[in-house]
Amino acid sequence: MRFLFMRSLLINPCGSSTITIRSTTTSAQYVATRSRDSVFEKLMDKYKNLLKVIAIQDLILANPTVDPPSVSIEFLSRLSQKLHLNRGAASFLRKYPHIFSVLYDPVKSEPFCRLTDLAMEISRQEALAITATLSVVVDRLVRLLSMSISKSVPLRAVYKVWRELGLPDDFEDSVIAKNCHVFRLSDGHEPNTHILELVQEEEKRRKFEAAVEQWRMVECSKEDCSVERTEIQFSFKHSYPPGMRLSKNFKAKVKEWQRLSYVGPYEDMVGIRKNKSGAMGIEKRAVAIAHEFLSLTVEKMVEVEKISHFRKCFGIDLNIRDLFLDHPGMFYMSTKGKRHTVFLREAYERGRLIVPNPVYDARRKLLDLVLLGRHAALSDSRNTDMSEQE
């Protein structure tokens with residue numbers, strides 16, 4: 001199932017002229033034609049304001065000279081456009097009294113903002129959860145480097161996804177510097193750039209198994225296995241958006257793609273042929289890398305723009321965004337909040353992670369406060385019920 005052919009099937013499941021459809025369809029049109037999933041769309045509706053809250057929270061916590069940490073409203077107002085606060089900083093802060101406290105500084109004669117005690121507690125819980133899982137964090141970072149062809153990535157690319165990977169905000173010191181037997185920083189080809197490398201001995205010592213292998217083992221042991229055991233070796237879990245029509249031609253191509261062998265995300269790309277079969281294998285490897293990358297994230301989601309920074313490191317020559325759109329059974333891409341965000345479909349059920357983790361749990365508490373808005377505090381049970389219903 002070629003990358004190009006898969007796109008034509010999704011745009012026109014009846015399977016008319018592939019070349020004509022592809023050449024007259026822009027990327028924007030292709031994004032617009034994707035099948036919507038209301039569960040993920042509602043989840044992103046919640047996350048739009050959460051991301052703005054987190055951005056302001058980070059600015060407040062980045063001011064350690066004041067106890068408790070705070071930031072002036074005037075400073076936030078200057079950043080309103082960058083933070084996408086359409087009605088201004090003060091108006092946005094007033095929407096979330098359970099997260100932000102707006103006070104007046106008589107000395108400086110200006111209002112300032114700080115986190116409420118509840119929001120500070122949630123922030124501490126997240127920090128403690130990250131600290132308690134530093135060994136897992138190191139493993140994630142090693143896996144990320146192991147998927148790279150050169151076993152190295154630009155440090156600036158890691159900074160793009162530090163929160164998604166559950167790294168502490170001082171990870172360069174607390175993770176990289178404290179594990180010099182695992183990681184090494186070297187100068188990049190450009191000024192003021194650094195490359196994060198995997199120490200050669202560590203590279204030889206570790207052998208990883210992709211997350212999809214766990215699903216394959218579980219699936220193969222089931223009596224009602226949904227995939228034929230003869231093809232489970234190269235298969236991925238698929239579940240499509242509700243209401244998405246799957247033609248016979250599309251189903252046949254997916255089945256053909258499931259059977260296609262490929263080089264795994266932690267294996268070296270050696271001896272891959274440049275013929276049709278080899279090109280299909282390269283495309284499937286790119287899907288496998290994207291699947292593994294999302295599996296490594298705390299919330300099994302990431303902005304497409306952020307993962308694109310790793311494209312060359314991973315040896316992916318395809319457009320990452322289109323790759324996600326070409327495989328709607330594995331990924332779901334939302335365009336809410338003026339950003340393209342991709343989710344790993346199999347990791348979610350009814351808008352929540354099936355297998356949560358302590359860092360995710362802390363972040364969900366902050367999301368619950370965002371959903372609470374100006375409403376009075378509810379009991380824990382009602383608060384949970386509300387977040388599940390919305």
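Two strands count as paired here if DSSP finds at least two bridges between them. Helices (H or I, at least four residues) and strands (E, at least two) are DSSP runs, numbered from the N terminus. What follows is a predicted model, with local features needing pLDDT of at least 70, side-chain atom pairs counting only at pLDDT 80 or more, and totals for chains, interfaces and linings using all residues. Residues are numbered from 1 along each chain as its sequence is written, and side-chain values use heavy atoms, leaving out hydrogens and water.

**View 1. The open sheet S7-S9-S8.** Here we have three strands with antiparallel pairing. S7 (301-303) and S8 (331-334) sit at the edges, each pairing on one side only. Ignoring direction, neighbours are turned by 20° against each other on average. Four bridges link S8 to S9 (residues 341-344), and Phe331 stands opposite Leu344 in S9.

**View 2. The open sheet S1-S3-S2 and helix H4.** This one also has three strands, paired antiparallel, and its edges are S1 (70-72) and S2 (100-105). From one strand to the next, the twist averages 30°. S2 and S3 (residues 110-115) run antiparallel, joined by six bridges, with Leu103 opposite Phe112 in S3. H4 (residues 38-61) packs on the sheet and touches S1, S2 and S3 (contact means heavy atoms within 4.5 Å). The direction of H4 makes about 105° with that of S3; axes are lines fitted to C-alpha atoms, for helices over the stretch in contact, and angles run from 0 to 180 degrees between N-to-C directions.

**View 3. Glu256 in helix H13.** Glu256 belongs to H13 (residues 248-259). Its C-alpha atom is separated by 9.8 Å from that of Glu231, 25 residues apart along the chain.
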